[in-house]
Amino acid sequence: MALPNGRHLLGAAMRCMPIMRSVSGRSVCCQPCRALGTSRWTLVSRSTGTTQPQKQDRQQLQPAADSEIGANANRAPAIRRFWRDVSVGDHDGDFVVLLDKRPIKTPDGKLVRIPQGQRVLAWLIAGEWESQKEILSAHSLPLTSLVSRSIDGLSDPSMRADVINKLLNYFRTDSVCLHDTHPCALVELQQKYYAPIIDWARSTYDIDVQITTNIFALSQQNVSVEKLRDVVSEFSPLKLAALERAVMSAKSFLIGLALVQQHITVEEAAMAAQAEANAQTQFWGELENAHDLDNAAMRQVLGASACAVIGAK
C-alpha cells in the first residue's frame with residue numbers, strides 16, 4: 001500500500017518527542033547515532049612573538065576547551081534520506097513500515113511491528129519517515145522511537161518490572177496531589193486540572209488518593225500503589241512504553257495514566273503538568289524562546305504517547 005493523501009492524519013500530535021535515529025545495512029535501523037570519539041587534545045601553533053627573525057613555529061599539544069569537547073562529542077553525523085517511497089505492508093498479521101519495500105527495524109535488529117488493530121499508528125509512523133527531507137532531522141521520529149522501546153525493552157519481564165516500579169514511585173509523591181494555598185492563579189489552575197484527574201482515579205480504580213498542602217507529608221498508601229501496579233502490569237509493551245514516556249514528561253503518574261487511558265486530552269494533560277509554570281507566566285509574563293519551547297516540547301511528547309495507544313487493547 002502506498003502512503004495515502006491522508007498521511008498527515010493527526011500530524012500535529014505525530015511530531016512528538018525523542019531521539020534521532022540512524023540507518024544501516026539493508027534494513028532501516030532506529031539505533032541512535034554515535035559520533036566518532038574526538039581527542040581531548042588539539043594541535044596549537046605558537047610563534048615567538050619577538051622582533052628578531054622568528055624561528056619555526058613550535059607545535060604544542062594542549063587540552064581542547066570543554067565547550068569544544070562537548071560539541072564534538074555530542075555531534076552526530078548527518079544522515080541523508082536514501083529512500084524514495086514509504087508504504088505500510090503486512091507481516092504475519094501485523095503492520096510494518098517499508099522504505100523502498102525494506103522494513104524498518106529496532107536498534108536490536110527486530111522488525112518494527114504494529115498490531116493489526118492499530119492501523120492509524122502504522123500510518124503515523126510511515127508519515128514520520130515520509131516527512132523527512134534531504135537530511136534526517138533530529139527528534140523527528142518519536143513514534144518510531146516509542147514502538148522500538150516497547151519491542152526491545154518492555155517485552156522483557158525483568159525490565160517491565162523495573163519500569164513499573166520506577167513509575168509507581170512517581171505516584172507515591174505525585175505532583176497533582178500537592179495543592180497550594182496561594183497564589184490564587186495557581187490554586188485555580190490546580191482545581192481546574194488536578195481535581196478531575198484525582199476524582200477519576202479514585203472512582204475508576206477504587207483507591208484513596210491522598211492530597212496535601214505540605215510537600216513533606218506527600219505520600220500514598222501502599223494498598224493504592226499495589227492496586228495501580230495490578231492495573232499497569234496488564235498493559236501491553238506498547239501501552240507501557242507510552243505511559244513511561246508520558247509520566248517522565250509530565251512528572252506525574254496520574255497525568256500519564258489518565259492520558260494513556262484516554263480520559264484526558266493531550267492539551268489537558270499538558271495544562272495539568274504545567275500548572276505551576278502557567279501560573280507564574282500569568283503574573284510575570286512569558287519568556288520568549290523558553291516557555292513557548294517548553295510548551296511545544298511537552299505537547300510533542302504527550303502527543304506521541306496519545307497516538308501510540310489509538311486502537312490499543
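Colleague: What share of the contacts in the chain with a separation of 6 or more comes from residues 24 or more positions apart?
Modeller: Such residues account for 64% of those contacts. A contact here means heavy atoms within 4.5 Å. The model is a predicted one, and the chain has 12 helices and 7 strands.

Colleague: How much of the chain counts as buried, and what makes a residue buried?
Modeller: Of the 313 residues, 41% count as buried. The test is a relative accessible area under 20%.

Colleague: What makes you describe strand β5 as mostly covered?
Modeller: β5 runs over residues 94–99, and 5 of its 6 residues are buried. Each of those 5 is therefore under 20% relative accessible area.

Colleague: How do you know that β4 and β5 pair?
Modeller: Two strands need at least two bridges to pair. β4, residues 86–91, and β5 have 6 bridges, so they pair, and the sense is antiparallel. One of the bridges joins Val86 to Leu99 in β5. The two strands form a hairpin with 2 residues between them, and Asp92 in the turn has a positive phi of about 50°.

Colleague: What makes β6 and β7 partners of β5?
Modeller: The requirement is at least two bridges. β5 and β6, residues 102–105, have 2 bridges and pair in the antiparallel sense. Leu98 has Pro103 of β6 as its bridge partner. In the hairpin of β5 and β6, 2 residues lie between the strands, and Asp100 takes a positive phi near 50°. β5 and β7, residues 113–114, also have 2 bridges and pair in the antiparallel sense. Here Phe95 is bridged to Ile114 of β7.

Colleague: Now the helices. Why are α10 and α12 called oblique to each other?
Modeller: Helix α10 covers residues 266–273 and helix α12 covers residues 291–308; they pack at an angle of about 135°, with their axes 9 Å apart. Roughly perpendicular covers 65 to 115 degrees and roughly antiparallel means over 145. The angle of about 135° fits neither, so the pair is oblique. As for handedness, α10 passes α12 in a right-handed crossing.

Colleague: Which residues make the contact?
Modeller: From α10 they are Val266, Glu267, Ala269, Ala270, Met271 and Ala273. From α12 they are Met298, Arg299, Leu302, Gly303 and Ala306.

Colleague: How do the residues in the contact of α10 with α12 divide by class?
Modeller: There are 8 nonpolar, 1 polar and 2 charged residues. Gly counts as polar, and Glu and Arg count as charged. Gly303 is therefore polar, while Glu267 and Arg299 are charged.

Key: Residues are numbered from 1 along each chain as its sequence is written. This is a predicted model: local features need pLDDT of at least 70, side-chain atom pairs count only at pLDDT 80 or more; totals for chains, interfaces and linings use all residues. Side-chain values use heavy atoms; hydrogens and water are left out. Axes are lines fitted to C-alpha atoms, for helices over the stretch in contact, and angles run from 0 to 180 degrees between N-to-C directions. Helices (H or I, at least four residues) and strands (E, at least two) are DSSP runs, numbered from the N terminus. A crossing is left-handed if the near helix is turned anticlockwise from the far one by less than a right angle, and right-handed if clockwise. Buried means under 20% relative accessible area, exposed over 50%, partly exposed in between (1.4 Å probe, protein chains only).
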